[in-house]
Amino acid sequence: MILDGEAASGRPAPGQCLRSWIRECGGTAVKKGCDTGDCGACTVLLDGVPVHSCITPAARADGRAVTTAAGLGTPGELSPVQRRFVEAAAFQCGYCTPGWVVTATALAEEDGTVRVPEPERDFKGNLCRCTGYRSIRDALEGRANVTADGAFGCSVAAPAGPRVVTGREPFTLDLPDAGILHVKLVRSEQAHARVVAVDSARAEALPGVVLVLTSADAPDVLYSTARHESRLDDPDDTRLFDDVVRFRGQRVAAVVAESAALAQRAAALVEVTYEPLPAVFDPEHARSPGAPLLHGDKDPLTSRIADPSRNVVARTHGEVGDVAAGLRSAAHTVRGTWSSGRVAHAALETHGARAWVDDDGMLVVRASTQVPFLVRDELARVLGRDPDRVRVVAARVGGGFGGKQELLVEDVVALAALRLAERGDRRPVQLDMTREEQFTAIPLRHPMRVSVELGADAGGRLTAMRVDVLSDTGAHGNHGPGVMFHGVHESVAVYRCPSKRVDAEAVYTNNPPSGAFRGYGLGQVVFAIESALDELSREVGISPYELRRRNVVVPGDPLVVNGPPSTDLEYGSYGLDQCLDLAEQALTATRTGAPPEDGWLVGEGMALSMIATIPPRGHHSHARIALDPDGTATLSVGTAEFGNGTATVHAQFVADALGIPPTRVRVVSSDTATSGYDSGAFGSTGSVVAGLAVQRAATEVRRRLDSLGGLPALRHLEGPLVATGASDGTRRSVAFNVHAVRVAVRPATGEVRFLDSVQAVDAGVVINPEQLRGQVEGGVAQAVGSALQEQVAVVDGEVLTQGFRSYRTPQMADVPATRVLVAGTYDTVGPRGAKSMSEAPYNPVAPAIANAVRDALGVRPHDLPMSRDRIWRLARGGNP
């Protein structure tokens, strides 16, 4: 075949797909997102026609021209379509972008614009999990949103843009494959069982199989896959390979072989003998007397499990004031129970890692991770190595959303690399998760059942609030405590109320593990509380906006949940009042008064949320800037770039402080050997913690530069001006979001359509307006999916949803255009007045939609997702 203009020849394996063959030929612009033809990340032109290369047999390319995004242009000479995508900022993580560019090229006119009547139909084969699609529409229609240069506060283009759109920005496994070994995992078919024996003889007998690892080969060290600045935040309840399996899909053994296909074949030959144990799948049953215990063998103190004898990993029970009295005295009361199902992160780059031991004996792990330094430290602990002898590198990460704040593949490849090095074999070892494994074995969002009871006086002011939460943490407690505590914190603390009670427990079951997900528990609890408040506004007879105005905290109010007020949060700024006004005014302005179409009912809804701008108990970041005599600055910072835009805003901080264009700033990040320590890219800390460290370093370089006489004096220096900066995240502020929607509901089919969508955000001083807009739109799109269509179906511990075909990640046609409005605030905690705004937009969307559906139908939904079948049954008075 002719691959991107160059001859490529060879003999693909029988049945091999074109995607993997192109990568074997060195073409890394094609990405693996699904391998089932559902996401479009692998799209190529086959004789000018776009095809999904993951389901196209390689043999069909014989004698034909295959063009990837890399063959359409170069970073220095972009094609018209690639230029449109850069100018529109039509990507965030960028993993899906080469596929979009290729598809668009097949439909584009000479100037790069795509003028088709139904882009939703033409691009239904391309998914984007990050952007919310508006910026992609802008690219297709030729609208520019960013500039190459500009100061702080300008919509500056991402430095990696030209490399991303040409498929030349390297992601985790975009490395040469020659000479590497591949890992495939043997996974449990039992929900709860003791592993009696593992017979790997048949697998090891296959030529090309070099190693099989089981619990006998792994260190007997308990740890958590969840990663936080303090490892004590999460329970030590996991082993690298355990002799007890607690969910279907838990790894039992690993096979290392000279090809991925051979490793898969060998894994199927490993015979595992189990002793079945009683299993429990209902979290209510799991915490009841007599239920099977998942971690009853663990010490509650050393493993940090609240009550192993009840399967309770974490809990909080407390009350301020007198809730019973507050409810008795209330003029109005409402109560209800709401549930949220399992949601997958659906990042298009699956979890993957490659490890090797270099010539100096350093264990090197290249991983798709949000937390390279935390992974390094825990690998060192589990494997018994000094942290200085472990190096973890994160390239650009293809989406995270909290799912890569874990240690899920790095430990396996690291162990395999070390065992092989002991034999003198230093070949790299790679583990690349399949999309099916992402659904069946990678942690999902915590399912929760949340009961809420509210009381209010005649004027609508709260007299009592009672919240009860049951969270299913699955087989392991990774992130279980943090998600539970965070979920009931800001969702409750945002309201003034003299009497509050919160009871919450996170419970082990033999379901797949749950983990960190965008919003970190707030989305589930906010859905319930904001739904209850909407119902309360109807009881009182005032608008839902006015009910919030009468009850939200204002500067000076303590932030109270179910005990003493929070002492580590402060009102660095306050824009909730503005957000309420902006959202209400914007939605009101688009009311037409026209009757809905026949068969449709129209409703409006709103909801709000508050979030801390930084995780609790410290979040550290260090930055180093070297300003060379030629006026070029190199910034080294430890945080990872996974679509959160930190590389762009950090370059803006440096450029603005030093008086140079952002294009003169080179950012080197997320390498534990070359960057200063960073707790990681989670909790929306990239701008406010790492950003503060960058700002401090840049300010010091500027001070030294001024003392020498400014930029002209640089030319007389023999070396660079160097300065460092640090931030510990101990001052934490709060941010606010208000979402409002107008929807049309068709009772006959259960369909929900968006007529208007608006989100008002309190983001402090905006560093990069286009990037902020994209983060909000992406969060809204992900929340729309959680609200209306996404659910991982699990029955008796078995995951039935195993791919995008049945999961329904939102396509372009599913996501509304959302107007993003920004409150005018200046935060005294964040760098130059900025606040974080990556996780927060997700949280108020589902309740806003639910409240609009309630307004249209007159019946309240209580369960997520509000899928068409559920809305259809709800409209008929049935149980959804």
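These legends walk through several close-up views of a predicted model. Residues are numbered from 1 along each chain as its sequence is written, and side-chain values use heavy atoms, with hydrogens and water left out. Because the model is predicted, local features need pLDDT of at least 70 and side-chain atom pairs count only at pLDDT 80 or more, while totals for chains, interfaces and linings use all residues.

**View 1. An open sheet of five strands with mixed pairing.** The strand order is 2-1-5-3-4. Here helices (H or I, at least four residues) and strands (E, at least two) are DSSP runs, numbered from the N terminus, and two strands pair if DSSP finds at least two bridges between them. At the edges you will find strand 2 (6–7) and strand 4 (49–52), each of which pairs on one side only.

**View 2. The hairpin of strand 3 and strand 4.** Strand 3 (residues 43–46) pairs with strand 4 in the antiparallel sense, over four bridges. One place to look is T43, whose bridge partner in strand 4 is H52. Two residues lie between the strands of this hairpin, and D47 in the turn has a positive phi of about 55°.

**View 3. Helix 3 (residues 97–107) lies across strand 3, strand 4 and strand 5 (65–67).** Helix 3 runs at about 35° to strand 3; axes are lines fitted to C-alpha atoms, for helices over the stretch in contact, and angles run from 0 to 180 degrees between N-to-C directions. Eight of the 11 residues of helix 3 are buried, so the helix is largely enclosed by the rest of the structure. Buried means under 20% relative accessible area, exposed over 50%, and partly exposed in between (1.4 Å probe, protein chains only). The buried residues are T97, P98, G99, W100, V101, V102, T103 and A104. They pack against several elements, including strand 5, helix 4 (119–122) and helix 5 (134–141).

**View 4. Helix 2 (80–88) packs with helix 3 at an angle of about 130°.** Their axes are 9 Å apart. That makes helix 2 oblique to helix 3: angles under 35 degrees count as roughly parallel, over 145 as roughly antiparallel, 65 to 115 as roughly perpendicular and the rest as oblique. The crossing is right-handed, a label used if the near helix is turned clockwise from the far one by less than a right angle, with left-handed for anticlockwise. V81, Q82 and F85 in helix 2 meet T97, W100, V101, A104 and T105 in helix 3, where contact means heavy atoms within 4.5 Å. The residues of this contact divide into five nonpolar, three polar and no charged. In this grouping, Ala, Val, Leu, Ile, Met, Phe, Trp, Tyr, Cys and Pro count as nonpolar, Asp, Glu, Lys and Arg as charged, and the others, Gly among them, as polar.

**View 5. An open sheet of seven strands, also with mixed pairing.** Follow the strands in the order 8-10-6-17-14-15-16. Strand 8 (209–213) and strand 16 (390–393) stand at the edges with a single partner strand each, so one side of each is left without a neighbour in the sheet. On average, neighbouring strands are turned by 20° against each other, direction ignored. Strand 6 (residues 181–187) and strand 17 (residues 429–432) pair in the parallel sense over two bridges, and H182 has Q430 in strand 17 as its bridge partner. Helix 8 (residues 260–267) packs on the sheet, touching strand 6, strand 8 and strand 10 (251–257).

**View 6. V186 in strand 6.** With 8% relative accessibility, V186 counts as buried. V186 and Q250 are 64 residues apart in sequence, and their C-alpha atoms are 8.4 Å apart in space. Beyond its neighbours within four places in sequence, V186 is in contact with residues including Q250, V252, A267 and V272.

**View 7. Helix 12 (residues 372–383) and helix 13 (residues 410–422) cross at roughly 50°.** Their axes come within 11 Å, and helix 12 passes helix 13 in a right-handed crossing. The two helices are therefore oblique to each other. V375, L379 and L383 in helix 12 meet E410, D411, A414, L415 and L418 in helix 13. By class, this contact has six nonpolar, no polar and two charged residues.
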